[in-house]
Amino acid sequence: MRQVLMVCLLYFFLLPGFRSTTDFTVKGIVQDAKTGAALGQVIVQAKGSTKTTRTLADGSFSIVVPEGTVSLGFTAAGYASLAIRIKNDGKPLLVKLDYAGKELKEVVVTALGTKREKKIIGYADRIPTPSVHSDLPQYSLSGKVRGVSLADRAYELRRGRILNKDNDPGAIQDANDFNTESYDQIIENRFLTATANPLSTFSIDVDGASYSNVRRLLQMGQMPPEGAVRIEELINYFHYDYPQPKGEDPFSINTEIGDCSWSPTHKLVMIGLQGKKIPMENLPASNLVFLIDVSGSMMEPEKLPLVQSSMKLLVDQLREQDKVALVVYAGQAGLVMPPTSGNEKQKIKNAIDRLEAGGSTAGGAGIKLAYQTALENFKTGGNNRVILCTDGDFNVGASSDSELEKLIEKESKTGIYLTVLGYGMGNYKDSKMEKLADKGNGNHAYIDNFNEARKVLVNEFGGTLFTIAKDVKLQVEFNPARVQAYRLIGYENRMLNKEDFNNDKKDAGDMGSGHTVTALYEIIPVGVKNDFEEKADGLKYQEQNKPVTASFGDEMMTIKFRYKKPDGDVSKLLVHPVKDGHNGIRETSSNFRFVSAVAQFGMLLRDSEFKQEASYDKARLLARNSLGNDEGGYRAEFLKLLSDAEDLAVKTEKSIIHQEDTGKR
C-alpha cells in the first residue's frame, strides 16, 4: 500500500512537468503618450517569467510568452513604468508611456488597427506581420541599399549577417565585413610619481557620447571596442548632486577623498564641478542652424527618421526670440529653410518632415554653408550655434579628419559654437565626431534612441546649447609628502602640457548651463607599495629624488582652475587646496560611490591593465547602494548594463577557451 501511495504522489507532482504548454507571440508599438513619437530600447518583460525583449527604433516589439501570461511590463529611462493586460488573440498592441513622475499602472490596452499604425510610424507602411522572418518585427520601408531592401538589411544586421552586394541568399556574409565604425586608439594614463611629475594638467570634458554608444553596443549583444570606451564620458553621462555655485563664478568646486574599491590600499580623489543653472527665461536669444546629413547613408530608421524626431523635440523648446535655419547636405549643400522664429513651430517641423535621404556626403560643403548662415544672422551677446546631425560618414569634398578639423577650427573663431549629434550604426564615425566637436568649441552626444534625444535636447537643453564658461582647464599639484604616485582615470585625449595651463591661446573644453563635470584620480599614498613603478636611469647633471622638506600639514594636493567667460579672451584663476581624508568607502557620498562604480565598469570593459581587483560584482554593489534621487532612471539602467556586460564577458571567455581547445585538437 505504501508503494502504491508513493507512486501516486510521484505521478501527481511530476505529471505537470510533462504537460505540454503553448507559447504565444505578442507584438505591438510603444510610443510617447504626449508626442506620439516611437520609443526605442524600451524593456518589455512578460510578468512571472524571464522572457524579455526591447523595442526597436520604430517602437515595435515582438515577444514570445508562455501560456498563461496575463500581463507585460514596460520600462524605459525617463518614463513611468507600465503594466498591461494581454490576451492571446493575435492583435497588435498600442502602448503609450507617460514621461516621468507617475506610479506603476495596470491598464487594458486596445488593439492597434492597420490604418492607425500607418499614421504612427512615418517610415513604416503596415503593421508587422508574420513572414519569412516571422521571429522578429518587420520593417516595411521603401528604398534599397546595395540592392538589398531595408527590411531584409535590418533583419540580417540584427542577425549579425548581411546579404552580399548581389543579393544572393546563398552568399550571406558576416555583418562585420560591412562595419566601418571608427574609433581612436586610447593609450591609458599611467601612474606617475609625485616627485618626478608633480603637475597634472587637463581640459574638462562634458560629453556623454561614449556612454550611450557603449549602451547601444551592449544592448546589441556586442562588447564595445576599447577605443569606444572613454571613461570620463561614461562618468559624465550622469548627473551628480553637487551644490549650485554661490558666488560670481559660474561653477562650484567640490572634492572628496575615499578608499579605492578595486585596490584597498589606494585612495580615490573625486573632483566635481557644478555649472550654474540658468532659468529658461533668462537664457540669451538663440541663433541656431540645424545642419542635417540627408545622404544615402542616413536612410535607415535609426538615422534620418530619428534625427527628425529629435529636432522636433528641440523645436518645442524654442521661444519667439530664438531663430533657427535648416541646412542639409548630400551630394551638395543647400539652405532648406531661412532663419525662422521659434514661435513658428509648425512651419519648422513641416520643413524637417519633408527631408528625405539619398546621395553622397559632402559634409565639408554643408559645414561651410551652415557657418555662413549662422554668421549672416549673428546675435551679439546671444547663443550662436550650429547643430550637426550625422553618422559622420563624409565622402565628398573636404572629408578627411585633418581637412574638417581645420575648417571647423577656422569657423569657430567667429564666435559660433558647434554641437555634434551622432546617429546610426555600422558606419558610425565616432573618432571624427569627437574631433569636430572639440575643434568647434562644442559638445558631442550620441543619440541611439528617442529617450536619449529627450535627455540631451529637453532635459539637458541648457547644458547642451548654452555655454556659461569656456576653455576650462585644471592643473593639480600633488604633495609628495602625502602622494607617492597618482593616475588620472580617463581624459586621455584631454591632457595638456603644464605650460598650456597659463596660455590663454590654448583651447580647452566648455561648460554649459547646469552641467556637471567629474574627474577621478587614483592615489598611491606614501608608504604603500607601488606595484606600477617604472624606473628610469639616474640623471647625470641634476640631483634626483630630493628629500621633501615641507609637508604642508595634511594637504594632499592643490587644484587650480582657469576659465573664460563665453565672450571673453582672458582667463580667471581659481585655487582650491584639498586636505587628506580617511573615509572608508561606506562613509563616502552617493556621488563618490556611483562615480567609483562607473569608473570600475569602464576599466572592466577596456580590460585595463590598472583594473587590479575590479569586478562586476563590486561595481554592482557600489551602484546599487548609490542610486540616490535617480531622476529619469539612468542609474537603474546602468545596473542592467553591468549585467549585460558581465554576461557578454563570460560568453566571450568561454568562446575563447573553446576556440583554443579546438585549435589544440
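Tyr491 is buried, because its relative accessibility is 1% and the cut-off for buried is under 20%. Phe202 counts as buried too, at 1% relative accessibility. The model that shows this is predicted.

**Aromatic pairs**

Phe202 and Tyr491 belong together as an aromatic pair. Their ring centres lie 4.9 Å apart. The planes meet at 55°, and the pair is tilted. Where do the two residues sit? Phe202 is in strand E14, residues 199-203. Tyr491 is in the loop between strand E24 (483-488) and strand E25 (509-512). The pair therefore ties together parts that are 289 residues apart in sequence.

Phe478 and Tyr521 form another pair, with centres 5.3 Å apart. Their planes stand at 75°, so this pair is edge-to-face. Phe478 belongs to strand E23 (residues 467-478) and Tyr521 to strand E26 (residues 516-525), so parts 43 residues apart in sequence are tied together. Both of these residues are buried.

A search of the whole structure gives 22 aromatic pairs. Ring pairs also build a cluster from Tyr211, Tyr237, Phe238, Phe594, Phe601, Tyr634 and Phe638. Charged residues lie over two rings of this cluster, as the table shows.

| Charged residue | Ring it lies over | Distance to ring centre |
|---|---|---|
| Lys455 | Tyr237 | 3.9 Å |
| Arg635 | Phe594 | 4.3 Å |

**The chain as a whole**

The chain has 665 residues, and buried residues make up 53% of them. It holds 15 helices and 28 strands. Take the contacts in the chain with a separation of 6 or more: 72% of them join residues 24 or more positions apart.

**A sheet of three strands**

Strands of a sheet pair through backbone hydrogen bonds, in a parallel or an antiparallel way. One open sheet has three strands, in the order E4-E1-E7, and its pairing is mixed. Which strands are at the edges? They are E4 and strand E7 (93-97), each pairing on one side only. From one strand to the next, the twist averages 35°.

Strand E1 covers residues 24-32 and pairs with E4 in the antiparallel sense, over six bridges. Thr25 stands opposite Val64 of E4. With E7, E1 pairs in the parallel sense, over five bridges. There, Gln31 has Lys96 of E7 as its bridge partner.

Is strand E4 mostly covered or mostly open? Strand E4 (residues 60-65) is mostly covered, with five of its six residues buried.

**A sheet of six strands**

Another open sheet has six strands. Their order is E19-E18-E17-E20-E21-E22, again with mixed pairing. Strand E19 (333-341) and strand E22 (443-446) stand at the edges. Each has a single partner strand, so one side of each is left without a neighbour in the sheet. The twist averages 15° from one strand to the next.

Within this sheet, strand E20 (residues 383-390) and strand E21 (residues 417-422) pair in the parallel sense. They share six bridges. Thr390 has Gly422 in E21 as its bridge partner.

Which helix lies across strands of this sheet? Helix H7 (residues 345-353) lies across strand E17 (286-293), strand E18 (323-329) and E19. The helix runs at about 165° to E19.

**Nonpolar cores**

How many residues are in the largest nonpolar core? It has 57. Those with the most contacts inside it are Leu72, Phe74, Leu97, Phe290, Ile292, Met311 and Leu421. Helix H6 (residues 304-315) gives the most to this core, with seven residues.

Apart from this core lies another, of 39 residues. Among its members are Ile231, Ile235, Phe592 and Leu622.

Ile292 shows the surroundings of one residue of the largest core. What does it touch, leaving aside neighbours within four places in sequence? Its contacts are Leu304, Val307, Met311, Leu326, Val327, Val328, Tyr329, Leu355 and Cys389.

Key:
Residues numbered from 1 in each chain as written. Predicted model: local features only at pLDDT ≥ 70, side-chain atom pairs only at ≥ 80, totals over all residues. Heavy atoms only, no water. Buried < 20%, exposed > 50% of the residue type's maximum accessible area, 1.4 Å probe, protein only. Helix = DSSP H or I, 4+ residues; strand = E, 2+ residues; numbered from the N terminus. Pairing = 2+ DSSP bridges. Axes fitted to C-alpha atoms, helices over the stretch in contact; angles between N-to-C directions. Contact = heavy atoms within 4.5 Å. Core = buried A, V, L, I, M, F, W, Y, C linked by side-chain atoms within 4.5 Å. Phe/Tyr/Trp six-rings, centres within 6.5 Å; stacked < 30°, edge-to-face > 60°. Lys NZ or Arg CZ within 6 Å of the ring centre and 35° of its normal.
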